[in-house]
2 protein chains.
Amino acid sequence: MLLRIDHVGIACRSLEAAIERYTNVFGLTVVAEETNEEQGVREAMLATESGTSYVQLLEPLSPGTTVGKFVERRGEGMHHVGYAVADVTEALAEIGATGVRLIDSRPRHGSMGASIAFLHPADLGGVLTELVQPRADS
Amino acid sequence: MLLRIDHVGIACRSLEAAIERYTNVFGLTVVAEETNEEQGVREAMLATESGTSYVQLLEPLSPGTTVGKFVERRGEGMHHVGYAVADVTEALAEIGATGVRLIDSRPRHGSMGASIAFLHPADLGGVLTELVQPRADS
């Protein structure tokens, strides 16, 4: 079901500073940058050389957002992991049937035109887990 | 320099329970299981379908180990991210030159015969980061 690790989501206080770090230190390239009001973040996707796994940098739009609270409580750092799946609707049905709670019972829009859904960390050993069905032409 | 995300390292209290979760919920397969006394963990590598990115489950050998302290302080959850590189010695030299502190100034033995090195999270926005040069025949 899980094709590969699609990305790690990293919470940061300043998107600009984090982008500078990842481009300078690791030579990564920003391939997308957007504001996601629904998730309360400004974000950037940086591609590894494979072109199929990414570092996703997340700056909270305000302290009251999910990522804002995360940064307040735990500081900057890894926020979630995203796995690529062929069909996120099918994957949600299969995973839901095992008893894992779904944060999103239906897919919603994610970065770069993907369909995504989050699974509850309380049922996955504290790991906020995202399923990512990349855009068909990507 | 970073070829792809090689793995996410996930700290857990019980390796058996975590393996059961990841195999049942996601259909992942255990491809290696070992005890690493140096790092103070029992660990399992579970492959995604790509065969090139993994979930690494880490159970501390005792509360005083690095992962043991992590679990005490923050609970179970994501512990580090590992990126595949072609040459870990070269990558360490390049990264060290940018001012990022190296936990390992020279590569050491990692899971499945890889050469690995850790970078300091304090210089990488709170993210404990590992470089992984997979075994040549893998």
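## Reading a predicted model, feature by feature

Q: Which residues are exposed on the other side of helix 2 of chain A?

A: Thr66(A), Glu72(A) and Arg73(A) are exposed there. Exposed stands for over 50% relative accessible area, buried for under 20%, and partly exposed for what lies in between (1.4 Å probe, protein chains only). Helices (H or I, at least four residues) and strands (E, at least two) are DSSP runs, numbered from the N terminus. Before we go on, note that this is a predicted model, where local features need pLDDT of at least 70, side-chain atom pairs count only at pLDDT 80 or more, and totals for chains, interfaces and linings use all residues. Residues are numbered from 1 along each chain as its sequence is written, chains are lettered from A and ligands numbered from 1 in the order in which they are written, and side-chain values use heavy atoms, with hydrogens and water left out.

Q: Which residues of helix 2 of chain A are buried, and why do they line one face of the helix?

A: Here is the general idea. An α-helix has 3.6 residues a turn, so residues three or four places apart point the same way. In helix 2 (residues 66-74) of chain A, the buried ones are Val67(A), Gly68(A), Phe70(A) and Val71(A). They line one face because, seen down the axis, they fall within an arc of 160°. The arc is that of the directions from the helix axis to the C-beta atoms.

Q: What covers the buried residues of helix 2 of chain A?

A: The cover includes four strands of chain A: strand 1 (4-11), strand 3 (41-47), strand 4 (54-60) and strand 5 (77-84). Contact here means heavy atoms within 4.5 Å. Just after this helix, Gly75(A) has a positive phi of about 80°.

Q: How should I read Glu72(A), which lies in helix 2 of chain A: is it buried or exposed?

A: Its relative accessibility is 60%, so Glu72(A) counts as exposed. You can also set sequence against space: Glu72(A) and Arg13(A) are 59 residues apart in sequence, while their C-alpha atoms are 9.6 Å apart.

Q: Which residues are buried in helix 3 of chain B, and what do they pack against?

A: In helix 3 (residues 88-97) of chain B, Val88(B), Ala91(B), Leu92(B) and Ile95(B) are buried. They sit on the same side of the helix, because they cover an arc of only 100° around the axis. On the other side, Glu90(B), Ala93(B) and Ala97(B) are exposed. The buried set packs against helix 1 (15-26) of chain A, together with strand 7 (115-119) and strand 8 (129-133) of chain B.

Q: Where does Ala114(B) lie, and what does it touch?

A: Ala114(B) is in the loop between strand 6 (108-109) and strand 7 of chain B. With 5% relative accessibility, Ala114(B) counts as buried. Not counting residues up to four places away in sequence, it touches Arg108(B), His109(B), Val132(B), Gln133(B), Pro134(B) and Arg135(B).

Q: What is the sign of phi at Met112(A)?

A: Phi of Met112(A) is positive, about 55°, although this residue is not a glycine. Met112(A) belongs to the loop between strand 6 (108-109) and strand 7 (115-119) of chain A, and is partly exposed at 27% relative accessible area. In chain B, Met112(B) has a positive phi near 55°, and counts as partly exposed at 28% relative accessibility.

Q: What about the whole of chain A: how many helices and strands are there?

A: Chain A has three helices and eight strands, in the order β-α-β-β-β-α-β-α-β-β-β along the sequence. For overall size, compare the radius of gyration, taken over C-alpha atoms, with a globule rule of 2.2 Å times the number of residues to the power 0.38. For 138 residues a compact globule would come out near 14 Å, and the 15 Å of chain A agrees. The C-alpha atoms fill a box of roughly 40 × 35 × 25 Å along the principal axes. Buried residues are 52% of the 138 in chain A. Of its contacts between residues at least 6 apart in sequence, 54% join residues at least 24 apart.
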